[in-house]
Amino acid sequence: MRKSCFIITCFIFLCLQFAAANVKDDFRLADILQSNMVIQQGRPFNLWGRAPAGDTVTIQADWSNKKITKIAGSEKKWFGNIFVPKAIPGKFDEHTITIIHKRDTIRLTNLLIGEVWVCSGQSNMEMSFLVWNKVKNHAAEVAAANYPNIRLLQVEHYASVTPQDEAKGTWLPCTPQSVKDFSAIAYFFAREIYQHKKIPIGLVHTSWGGTVAQAWTSAPAIKQMPYFAGLLEKNRSLPPIDSIPQTLDKVNQPALVYNGMIHPFLNLSVRGVLWYQGESNSNRSYQYRELFPLMINDWRKNWGIGDFPFYFVQLANLQFGTVNDVPKESSWAELQEAQLMTTALPNTGMAVTNDIGNPDDIHYANKQEAGRRLAL
(Lines give C-alpha, C1' and ligand atoms only; values in the text may rest on other atoms or scores of the structure.)
Protein backbone atom coordinates (compact mmCIF):
# COMPACT_ATOMS: atom_id res chain seq x y z
CA MET A 1 0.00 0.00 0.00
CA ARG A 2 2.78 2.39 0.96
CA LYS A 3 4.58 1.57 -2.27
CA SER A 4 1.44 2.36 -4.28
CA CYS A 5 0.95 5.66 -2.45
CA PHE A 6 4.57 6.55 -3.07
CA ILE A 7 4.21 5.83 -6.80
CA ILE A 8 1.01 7.88 -7.01
CA THR A 9 2.62 10.76 -5.12
CA CYS A 10 5.63 10.74 -7.45
CA PHE A 11 3.34 10.65 -10.45
CA ILE A 12 1.34 13.65 -9.19
CA PHE A 13 4.56 15.53 -8.41
CA LEU A 14 5.93 14.90 -11.90
CA CYS A 15 2.66 16.03 -13.46
CA LEU A 16 2.73 19.24 -11.46
CA GLN A 17 6.34 19.85 -12.43
CA PHE A 18 5.51 19.22 -16.06
CA ALA A 19 2.55 21.62 -15.90
CA ALA A 20 4.68 24.28 -14.20
CA ALA A 21 7.39 23.87 -16.82
CA ASN A 22 4.84 24.27 -19.59
CA VAL A 23 3.49 27.45 -18.01
CA LYS A 24 7.01 28.81 -17.70
CA ASP A 25 7.82 27.86 -21.26
CA ASP A 26 4.73 29.74 -22.42
CA PHE A 27 6.00 32.97 -20.86
CA ARG A 28 8.78 34.62 -22.78
CA LEU A 29 10.22 37.90 -23.99
CA ALA A 30 10.87 38.67 -27.65
CA ASP A 31 14.29 37.32 -28.66
CA ILE A 32 15.69 40.69 -29.74
CA LEU A 33 15.06 42.26 -26.32
CA GLN A 34 18.20 41.34 -24.42
CA SER A 35 20.68 42.42 -21.80
CA ASN A 36 23.50 44.62 -23.18
CA MET A 37 21.23 46.41 -25.67
CA VAL A 38 20.82 50.15 -26.17
CA ILE A 39 17.37 51.64 -25.58
CA GLN A 40 16.20 54.54 -27.72
CA GLN A 41 16.15 57.73 -25.69
CA GLY A 42 13.26 60.16 -25.30
CA ARG A 43 10.39 57.94 -26.44
CA PRO A 44 8.45 54.88 -25.25
CA PHE A 45 10.42 51.64 -25.26
CA ASN A 46 8.29 48.71 -26.34
CA LEU A 47 8.48 45.30 -24.71
CA TRP A 48 6.54 42.31 -25.95
CA GLY A 49 6.40 38.55 -25.81
CA ARG A 50 4.19 35.58 -25.06
CA ALA A 51 2.19 34.47 -22.01
CA PRO A 52 -0.95 32.39 -21.41
CA ALA A 53 -4.09 34.30 -22.38
CA GLY A 54 -5.43 36.39 -19.52
CA ASP A 55 -2.22 36.29 -17.51
CA THR A 56 -0.73 39.47 -16.07
CA VAL A 57 2.76 40.68 -16.95
CA THR A 58 4.40 43.44 -14.90
CA ILE A 59 7.19 45.66 -16.23
CA GLN A 60 9.41 47.99 -14.22
CA ALA A 61 12.50 49.98 -15.18
CA ASP A 62 15.03 51.07 -12.59
CA TRP A 63 14.74 54.72 -13.64
CA SER A 64 11.06 54.85 -12.69
CA ASN A 65 8.97 53.95 -9.64
CA LYS A 66 6.00 53.21 -11.89
CA LYS A 67 5.06 49.62 -12.64
CA ILE A 68 3.37 48.83 -15.95
CA THR A 69 0.84 45.99 -15.89
CA LYS A 70 -0.32 44.26 -19.07
CA ILE A 71 -2.60 41.30 -19.74
CA ALA A 72 -1.85 38.73 -22.43
CA GLY A 73 -4.51 38.61 -25.13
CA SER A 74 -6.36 35.71 -26.66
CA GLU A 75 -3.44 35.06 -29.03
CA LYS A 76 -1.16 34.58 -25.99
CA LYS A 77 0.76 37.74 -26.76
CA TRP A 78 1.49 40.68 -24.47
CA PHE A 79 2.75 44.16 -25.28
CA GLY A 80 3.69 47.12 -23.12
CA ASN A 81 5.94 50.14 -23.12
CA ILE A 82 7.77 52.39 -20.70
CA PHE A 83 8.86 55.94 -21.31
CA VAL A 84 12.62 56.42 -21.56
CA PRO A 85 14.34 59.65 -20.48
CA LYS A 86 16.80 61.45 -22.71
CA ALA A 87 20.43 60.41 -22.63
CA ILE A 88 22.81 62.71 -20.80
CA PRO A 89 26.02 63.28 -22.79
CA GLY A 90 29.00 61.73 -21.07
CA LYS A 91 26.86 59.71 -18.65
CA PHE A 92 26.78 55.97 -19.32
CA ASP A 93 24.79 54.54 -16.43
CA GLU A 94 23.82 50.89 -16.78
CA HIS A 95 20.12 50.17 -16.31
CA THR A 96 17.86 47.21 -15.56
CA ILE A 97 14.34 46.34 -16.65
CA THR A 98 12.43 43.65 -14.77
CA ILE A 99 9.55 41.67 -16.29
CA ILE A 100 7.48 39.50 -13.94
CA HIS A 101 4.93 36.80 -14.73
CA LYS A 102 3.64 34.93 -11.67
CA ARG A 103 6.75 33.31 -10.19
CA ASP A 104 8.89 33.85 -13.28
CA THR A 105 11.16 36.88 -13.56
CA ILE A 106 13.23 38.12 -16.50
CA ARG A 107 15.81 40.83 -15.88
CA LEU A 108 17.45 42.77 -18.67
CA THR A 109 20.71 44.15 -17.34
CA ASN A 110 23.59 46.31 -18.54
CA LEU A 111 21.18 48.42 -20.61
CA LEU A 112 22.23 51.82 -21.93
CA ILE A 113 20.05 54.75 -22.98
CA GLY A 114 21.07 56.39 -26.26
CA GLU A 115 20.31 56.08 -29.98
CA VAL A 116 19.39 52.94 -31.92
CA TRP A 117 19.97 52.67 -35.69
CA VAL A 118 18.86 49.92 -38.04
CA CYS A 119 21.57 49.23 -40.65
CA SER A 120 20.41 47.39 -43.75
CA GLY A 121 21.00 46.75 -47.44
CA GLN A 122 23.30 44.49 -49.40
CA SER A 123 27.01 43.68 -49.54
CA ASN A 124 28.56 47.13 -49.08
CA MET A 125 26.56 47.47 -45.86
CA GLU A 126 27.25 43.87 -44.87
CA MET A 127 30.98 44.05 -45.65
CA SER A 128 32.85 43.40 -42.42
CA PHE A 129 36.47 44.04 -41.50
CA LEU A 130 37.41 40.45 -42.20
CA VAL A 131 35.70 40.11 -45.60
CA TRP A 132 38.68 39.63 -47.89
CA ASN A 133 40.58 41.95 -45.48
CA LYS A 134 39.60 44.79 -47.78
CA VAL A 135 38.58 47.56 -45.38
CA LYS A 136 41.21 50.29 -45.27
CA ASN A 137 43.63 49.76 -42.35
CA HIS A 138 41.43 46.90 -41.19
CA ALA A 139 43.86 45.36 -38.67
CA ALA A 140 44.51 48.64 -36.86
CA GLU A 141 40.84 49.59 -36.93
CA VAL A 142 39.76 46.29 -35.37
CA ALA A 143 42.44 46.50 -32.68
CA ALA A 144 41.26 50.00 -31.71
CA ALA A 145 37.54 49.17 -31.69
CA ASN A 146 37.10 49.11 -27.94
CA TYR A 147 33.89 51.06 -27.36
CA PRO A 148 31.81 49.40 -24.62
CA ASN A 149 29.12 52.09 -24.95
CA ILE A 150 28.50 51.14 -28.58
CA ARG A 151 26.41 47.96 -28.74
CA LEU A 152 26.08 45.64 -31.74
CA LEU A 153 23.32 43.26 -32.82
CA GLN A 154 24.26 41.04 -35.77
CA VAL A 155 21.05 39.63 -37.26
CA GLU A 156 21.17 36.23 -38.92
CA HIS A 157 20.06 35.88 -42.55
CA TYR A 158 16.51 34.66 -42.85
CA ALA A 159 13.86 34.89 -45.55
CA SER A 160 10.26 33.83 -45.14
CA VAL A 161 7.02 33.54 -47.06
CA THR A 162 5.16 35.00 -44.08
CA PRO A 163 6.04 37.92 -41.75
CA GLN A 164 8.05 36.70 -38.76
CA ASP A 165 7.86 37.95 -35.17
CA GLU A 166 11.35 36.81 -34.18
CA ALA A 167 14.90 37.21 -35.47
CA LYS A 168 18.14 35.66 -34.25
CA GLY A 169 21.11 37.61 -32.99
CA THR A 170 22.93 38.59 -29.79
CA TRP A 171 23.54 42.09 -28.42
CA LEU A 172 27.22 42.60 -27.61
CA PRO A 173 29.39 45.53 -26.50
CA CYS A 174 31.72 46.73 -29.24
CA THR A 175 35.12 45.11 -28.83
CA PRO A 176 37.80 44.00 -31.30
CA GLN A 177 36.31 40.51 -31.08
CA SER A 178 32.67 41.48 -31.67
CA VAL A 179 33.32 44.11 -34.36
CA LYS A 180 35.51 42.05 -36.67
CA ASP A 181 32.55 40.31 -38.31
CA PHE A 182 30.25 43.35 -38.09
CA SER A 183 29.36 45.92 -40.73
CA ALA A 184 32.36 48.23 -41.10
CA ILE A 185 30.39 51.18 -42.48
CA ALA A 186 27.82 50.92 -39.66
CA TYR A 187 30.59 50.82 -37.07
CA PHE A 188 32.31 53.90 -38.50
CA PHE A 189 28.98 55.74 -38.49
CA ALA A 190 28.41 54.84 -34.84
CA ARG A 191 31.94 55.77 -33.82
CA GLU A 192 31.56 59.20 -35.41
CA ILE A 193 28.21 59.86 -33.71
CA TYR A 194 29.48 58.54 -30.38
CA GLN A 195 32.60 60.72 -30.41
CA HIS A 196 30.57 63.84 -31.13
CA LYS A 197 27.42 63.29 -29.06
CA LYS A 198 28.97 61.31 -26.17
CA ILE A 199 25.93 59.04 -25.83
CA PRO A 200 25.53 55.28 -26.29
CA ILE A 201 24.82 54.02 -29.80
CA GLY A 202 23.08 50.75 -30.64
CA LEU A 203 23.37 49.19 -34.10
CA VAL A 204 20.95 46.58 -35.45
CA HIS A 205 22.76 45.18 -38.47
CA THR A 206 20.27 43.37 -40.71
CA SER A 207 21.64 43.20 -44.25
CA TRP A 208 22.24 40.55 -46.91
CA GLY A 209 24.72 40.80 -49.79
CA GLY A 210 23.24 40.59 -53.28
CA THR A 211 19.64 41.25 -52.27
CA VAL A 212 17.20 43.43 -54.22
CA ALA A 213 15.07 46.22 -52.77
CA GLN A 214 11.79 44.47 -53.57
CA ALA A 215 12.83 41.62 -51.27
CA TRP A 216 13.09 44.21 -48.46
CA THR A 217 9.59 45.63 -49.08
CA SER A 218 6.41 44.28 -47.48
CA ALA A 219 3.84 42.39 -49.53
CA PRO A 220 1.03 44.97 -49.13
CA ALA A 221 3.35 47.70 -50.41
CA ILE A 222 5.14 45.86 -53.22
CA LYS A 223 1.93 44.61 -54.80
CA GLN A 224 1.12 48.25 -55.60
CA MET A 225 3.67 47.95 -58.40
CA PRO A 226 2.12 45.76 -61.16
CA TYR A 227 5.48 44.26 -62.17
CA PHE A 228 5.96 42.75 -58.71
CA ALA A 229 2.32 41.83 -58.03
CA GLY A 230 2.60 38.74 -60.24
CA LEU A 231 5.88 37.69 -58.65
CA LEU A 232 4.30 38.07 -55.23
CA GLU A 233 1.58 35.62 -56.19
CA LYS A 234 4.24 33.04 -56.98
CA ASN A 235 5.39 33.25 -53.35
CA ARG A 236 2.17 31.52 -52.36
CA SER A 237 3.40 28.32 -53.98
CA LEU A 238 6.74 28.32 -52.17
CA PRO A 239 7.47 25.60 -49.57
CA PRO A 240 6.85 26.13 -45.82
CA ILE A 241 9.17 28.73 -44.27
CA ASP A 242 11.41 26.20 -42.52
CA SER A 243 12.28 24.50 -45.79
CA ILE A 244 13.07 27.55 -47.95
CA PRO A 245 16.67 27.30 -49.20
CA GLN A 246 18.38 30.42 -47.88
CA THR A 247 20.16 31.19 -51.15
CA LEU A 248 19.96 34.36 -53.22
CA ASP A 249 18.18 32.76 -56.14
CA LYS A 250 15.43 31.68 -53.73
CA VAL A 251 15.20 34.67 -51.38
CA ASN A 252 15.44 37.48 -53.96
CA GLN A 253 11.68 37.60 -54.34
CA PRO A 254 9.25 40.32 -53.26
CA ALA A 255 8.81 40.63 -49.49
CA LEU A 256 10.74 37.50 -48.46
CA VAL A 257 13.71 39.18 -46.77
CA TYR A 258 11.48 41.91 -45.31
CA ASN A 259 9.40 39.18 -43.67
CA GLY A 260 12.40 37.55 -42.02
CA MET A 261 14.75 40.46 -41.26
CA ILE A 262 12.70 43.67 -40.93
CA HIS A 263 9.26 42.65 -39.72
CA PRO A 264 10.65 41.24 -36.41
CA PHE A 265 11.95 44.72 -35.52
CA LEU A 266 8.83 46.82 -36.15
CA ASN A 267 8.06 47.07 -32.42
CA LEU A 268 11.61 48.13 -31.60
CA SER A 269 12.01 51.80 -30.74
CA VAL A 270 14.65 53.27 -33.07
CA ARG A 271 16.18 56.60 -34.06
CA GLY A 272 16.41 55.85 -37.78
CA VAL A 273 17.76 53.71 -40.61
CA LEU A 274 21.04 53.48 -42.52
CA TRP A 275 20.77 51.92 -45.98
CA TYR A 276 23.34 50.85 -48.56
CA GLN A 277 21.80 49.01 -51.49
CA GLY A 278 20.99 49.36 -55.17
CA GLU A 279 23.73 47.41 -56.89
CA SER A 280 21.42 44.45 -57.47
CA ASN A 281 18.66 46.68 -58.86
CA SER A 282 20.87 48.39 -61.46
CA ASN A 283 19.50 46.17 -64.21
CA ARG A 284 16.16 47.97 -63.73
CA SER A 285 17.39 51.37 -62.63
CA TYR A 286 14.46 53.43 -63.87
CA GLN A 287 12.13 51.22 -61.84
CA TYR A 288 14.13 52.15 -58.71
CA ARG A 289 12.72 55.68 -58.93
CA GLU A 290 9.42 54.24 -57.74
CA LEU A 291 10.63 51.20 -55.83
CA PHE A 292 13.08 52.88 -53.45
CA PRO A 293 10.71 55.63 -52.18
CA LEU A 294 7.98 53.00 -51.91
CA MET A 295 10.20 50.89 -49.64
CA ILE A 296 11.13 53.85 -47.43
CA ASN A 297 7.50 54.91 -47.00
CA ASP A 298 6.57 51.29 -46.34
CA TRP A 299 9.07 50.96 -43.49
CA ARG A 300 8.02 54.28 -41.98
CA LYS A 301 4.35 53.35 -42.11
CA ASN A 302 4.91 49.92 -40.58
CA TRP A 303 7.19 51.18 -37.80
CA GLY A 304 4.54 53.73 -36.86
CA ILE A 305 6.91 56.34 -35.42
CA GLY A 306 6.66 58.97 -38.15
CA ASP A 307 9.15 59.99 -40.82
CA PHE A 308 12.24 58.83 -38.98
CA PRO A 309 15.66 59.65 -40.52
CA PHE A 310 16.47 57.42 -43.46
CA TYR A 311 20.08 57.93 -44.60
CA PHE A 312 21.56 56.05 -47.52
CA VAL A 313 24.76 55.79 -49.54
CA GLN A 314 24.67 56.63 -53.24
CA LEU A 315 26.42 54.03 -55.35
CA ALA A 316 30.02 54.85 -56.17
CA ASN A 317 31.09 54.94 -59.82
CA LEU A 318 32.28 51.80 -61.55
CA GLN A 319 34.38 51.49 -64.69
CA PHE A 320 31.54 50.13 -66.81
CA GLY A 321 30.00 53.59 -66.61
CA THR A 322 32.83 54.90 -68.78
CA VAL A 323 34.53 54.23 -72.11
CA ASN A 324 38.25 55.07 -72.11
CA ASP A 325 37.65 57.02 -68.90
CA VAL A 326 34.94 59.12 -70.57
CA PRO A 327 31.52 58.87 -68.87
CA LYS A 328 28.74 57.31 -70.91
CA GLU A 329 25.09 56.57 -70.41
CA SER A 330 24.60 53.55 -68.14
CA SER A 331 22.03 51.89 -65.95
CA TRP A 332 24.46 52.41 -63.06
CA ALA A 333 24.36 56.17 -63.48
CA GLU A 334 20.60 55.97 -63.86
CA LEU A 335 20.31 54.21 -60.52
CA GLN A 336 22.51 56.88 -58.93
CA GLU A 337 20.06 59.43 -60.30
CA ALA A 338 17.12 57.48 -58.87
CA GLN A 339 18.80 57.60 -55.47
CA LEU A 340 19.30 61.33 -55.78
CA MET A 341 15.64 61.82 -56.70
CA THR A 342 14.64 59.90 -53.56
CA THR A 343 16.02 62.72 -51.39
CA ALA A 344 12.77 64.53 -52.24
CA LEU A 345 11.24 62.45 -49.44
CA PRO A 346 11.26 64.22 -46.06
CA ASN A 347 14.01 63.50 -43.56
CA THR A 348 16.24 61.60 -45.97
CA GLY A 349 19.95 62.11 -46.56
CA MET A 350 22.38 60.75 -49.13
CA ALA A 351 26.12 60.19 -48.75
CA VAL A 352 27.93 60.51 -52.10
CA THR A 353 30.95 58.24 -52.55
CA ASN A 354 32.01 58.79 -56.17
CA ASP A 355 35.31 60.29 -55.06
CA ILE A 356 36.21 57.53 -52.58
CA GLY A 357 35.00 54.47 -54.47
CA ASN A 358 37.08 52.15 -56.64
CA PRO A 359 36.19 52.17 -60.36
CA ASP A 360 37.45 48.59 -60.63
CA ASP A 361 35.81 47.15 -57.52
CA ILE A 362 32.25 47.47 -56.27
CA HIS A 363 33.49 46.78 -52.73
CA TYR A 364 35.84 49.70 -52.17
CA ALA A 365 38.07 49.94 -49.10
CA ASN A 366 37.38 53.40 -47.66
CA LYS A 367 34.38 52.56 -45.50
CA GLN A 368 35.64 55.03 -42.88
CA GLU A 369 34.71 58.03 -45.02
CA ALA A 370 31.41 56.51 -46.12
CA GLY A 371 30.43 56.02 -42.49
CA ARG A 372 31.54 59.54 -41.60
CA ARG A 373 29.43 61.02 -44.40
CA LEU A 374 26.39 59.10 -43.22
CA ALA A 375 27.01 60.51 -39.74
CA LEU A 376 27.18 64.04 -41.12
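**Exercise 1.** In this predicted model, which residues of the largest nonpolar core touch the most other members, and which helix gives the largest share of this core?

*Solution.* Step 1: take the 111 residues of the largest nonpolar core; Leu 33, Leu 47, Ile 97 and Trp 299 touch the most other members. Step 2: look at the helices; α5 (residues 184–197) supplies nine residues, the largest share of this core. Step 3: follow Leu 33 outward. Leaving aside residues up to four places away in sequence, Leu 33 touches Phe 45, Asn 46, Leu 47, Trp 48, Leu 108 and Leu 268. In general, nonpolar side chains of soluble globular proteins tend to be buried together.

**Exercise 2.** Describe the largest pocket and its lining.

*Solution.* Step 1: the space in the largest pocket is about 370 Å³. Step 2: 23 residues line this pocket, and Ser 218, Ala 219, Pro 220, Leu 232 and Ala 255 lie nearest its centre. Step 3: α6 (219–222), α7 (226–235), α9 (256–261) and α10 (285–303) each give two or more residues to the lining. The largest share, five residues, comes from α10. Step 4: by class, the lining has eleven nonpolar, seven polar and five charged residues.

**Exercise 3.** Which residues are closest to the centre of the second largest pocket, and which elements give two or more residues to its lining?

*Solution.* Step 1: the second largest pocket holds about 300 Å³ of space. Step 2: of its 16 lining residues, Trp 48, Gly 49, Lys 77, Asp 165 and Asn 267 are closest to the centre. Step 3: the elements are β1 (28–29), β3 (44–50) and β6 (77–83). Step 4: the lining divides into seven nonpolar, four polar and five charged residues.

Technical notes. Residues are numbered from 1 along each chain as its sequence is written. This is a predicted model: local features need pLDDT of at least 70, side-chain atom pairs count only at pLDDT 80 or more; totals for chains, interfaces and linings use all residues. Side-chain values use heavy atoms; hydrogens and water are left out. A nonpolar core is a set of buried Ala, Val, Leu, Ile, Met, Phe, Trp, Tyr and Cys residues joined through side-chain atoms within 4.5 Å. Buried means under 20% relative accessible area, exposed over 50%, partly exposed in between (1.4 Å probe, protein chains only). Helices (H or I, at least four residues) and strands (E, at least two) are DSSP runs, numbered from the N terminus. Contact means heavy atoms within 4.5 Å. On a 1 Å grid over the protein atoms alone, a cavity is a set of points where a 1.4 Å probe fits but cannot get out, and a pocket is an open set with protein on both sides within 12 Å along at least five of seven lines; lining residues have an atom within 4 Å of a point. Grid points are joined across faces, edges and corners, and a volume is the space filled by probe spheres set on the points. Ala, Val, Leu, Ile, Met, Phe, Trp, Tyr, Cys and Pro count as nonpolar, Asp, Glu, Lys and Arg as charged, and the others, Gly among them, as polar.
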